[in-house]
Amino acid sequence: MVVLRSQQAVRRNGVATSSSAIPTARHSLSLFLPVLLLLLVVPVLCFMVASLPFVSGPFGSDSRPAAGRNRAVAVSMEAAKKTASTQGQDRVKSGDKVLLMGHLGNYINAEPGVDYVKSRAPIQADRSTWIIEKTAGGPISAQDIVYLQGYRGGYMDVQGDMVRIKMADKPRCNGFVLTKGNDPKTGLTDYSPLVYGDIIYLRANGERNTYLDVEGQDVRARWPDEGKWQVITIQKPEA
């Protein structure tokens, strides 16, 4: 009887001991869980906040002003359309022989034995052909810097408001910025590919930024304007 009572006492004590340990474990777990959640959630929140400046959309925004974004999108879309529209057309490439017809219908030409440039007649002769070049080579587009080599060598160049053939290597010549004015649809600068038959303007790539103009037979570069006298049509010589 004594033994049985002792075993029952031990079991009761054991049960009592185990029952008293359960609340302590639950209390420790309830304290540990919030800490664990904080350790997991805080890094994720920090990453999301740090990513906001680089996200465009519901969680962030483009830092550029709306006008700048709209302008950039319009230019990109119009350039893409024009590039697609020139597929299959005869593009002008660096190294091509070209003709430059002024607004009066006469071709801009070099003169034999002298260095000045004129626009005398609507005749496709050797002296009215030019080799158009771009430093990087390849197809030419509006806003490219181009160089025009005469039929006897040398490059067309502007000195003051006079247009001359400069008998020098290309690196010693300024060249011209080839422009096509503004796009009539958007009013933005035209960057489209150059194809034969395009109307272009040639701006001296120097300090004065004046455009080639034709008055009578004279070719000069007097004004920073893209006007009627500055209109040039680029053509392909007949074979």
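Let me start with one residue, threonine 210, which, once residues up to four places away in sequence are set aside, touches Leu202, Arg203, Ala204, Ala221, Arg222, Trp223 and Pro224. Please keep in mind throughout that what we are looking at is a predicted model. Threonine 210 sits in the loop between β9 and β10, the latter covering residues 211-215. Is threonine 210 buried or exposed? With a relative accessible area of 2%, threonine 210 counts as buried, because the cut-off for that word is anything under 20%.

From this loop we can walk along the chain into β10, where 4 of the 5 residues are buried, so that the strand is mostly covered. Which strand does β10 pair with? Its partner is β11, residues 218-223, and the two run antiparallel, joined by 4 bridges. If you look for glutamate 215, you will find aspartate 218 of β11 standing opposite. Together β10 and β11 make a hairpin with 2 residues between them, and in that turn glycine 216 has a positive phi of about 65 degrees.

Let me now step back to the whole protein, so that these pieces have a setting. The secondary structure amounts to 2 helices and 12 strands, and, read from the N terminus, the order is α-α-β-β-β-β-β-β-β-β-β-β-β-β. Of the 239 residues, 32% count as buried, while the accessible surface comes to about 14700 Å², with 59% of that area belonging to carbon and sulfur atoms. If we take the contacts between residues at least 6 apart in sequence, 57% of them join residues at least 24 apart.

Next, I would like to return to β9 and look at its partners in pairing. With strand β8, residues 176-179, β9 pairs in the antiparallel sense over 4 bridges, and within that pairing leucine 178 has leucine 202 of β9 as its bridge partner. With strand β12, residues 232-235, β9 also pairs in the antiparallel sense, here over 2 bridges, and isoleucine 199 stands opposite threonine 233 in β12.

Those leucines bring us to the cavities. How many cavities of 30 Å³ or more does a search of the whole structure find? The search finds 2, and I will speak about the second largest, which has a volume of about 30 Å³. The lining of the second largest cavity consists of Val98, Leu100, Ile132, Val146, Leu148, Leu178, Ile200, Leu202 and Ile234. The elements that contribute two or more residues to this lining are β1 (97-101), β5 (145-149) and β9 (199-204). As for their chemical character, the lining residues divide into 9 nonpolar, no polar and no charged. Notice that leucine 178 and leucine 202, which we met as bridge partners, both appear in this lining.

Finally, I would like to turn to methionine 167, which lies in the loop between β7, residues 162-166, and β8. Methionine 167 is classed as exposed because its relative accessible area is 62%, and the cut-off for that class is over 50%. Apart from neighbours within four places in sequence, methionine 167 is in contact with Arg152, Gly153 and Gly154. Methionine 167 and glutamine 149 are 18 residues apart in sequence, and their C-alpha atoms are 9.6 Å apart in space.

Conventions:
Residues are numbered from 1 along each chain as its sequence is written. This is a predicted model: local features need pLDDT of at least 70, side-chain atom pairs count only at pLDDT 80 or more; totals for chains, interfaces and linings use all residues. Side-chain values use heavy atoms; hydrogens and water are left out. On a 1 Å grid over the protein atoms alone, a cavity is a set of points where a 1.4 Å probe fits but cannot get out, and a pocket is an open set with protein on both sides within 12 Å along at least five of seven lines; lining residues have an atom within 4 Å of a point. Grid points are joined across faces, edges and corners, and a volume is the space filled by probe spheres set on the points. Ala, Val, Leu, Ile, Met, Phe, Trp, Tyr, Cys and Pro count as nonpolar, Asp, Glu, Lys and Arg as charged, and the others, Gly among them, as polar. Buried means under 20% relative accessible area, exposed over 50%, partly exposed in between (1.4 Å probe, protein chains only). Contact means heavy atoms within 4.5 Å. Accessible areas come from the Shrake-Rupley method with a 1.4 Å probe; for residues, only the protein chains shown count as cover. Two strands pair if DSSP finds at least two bridges between them.
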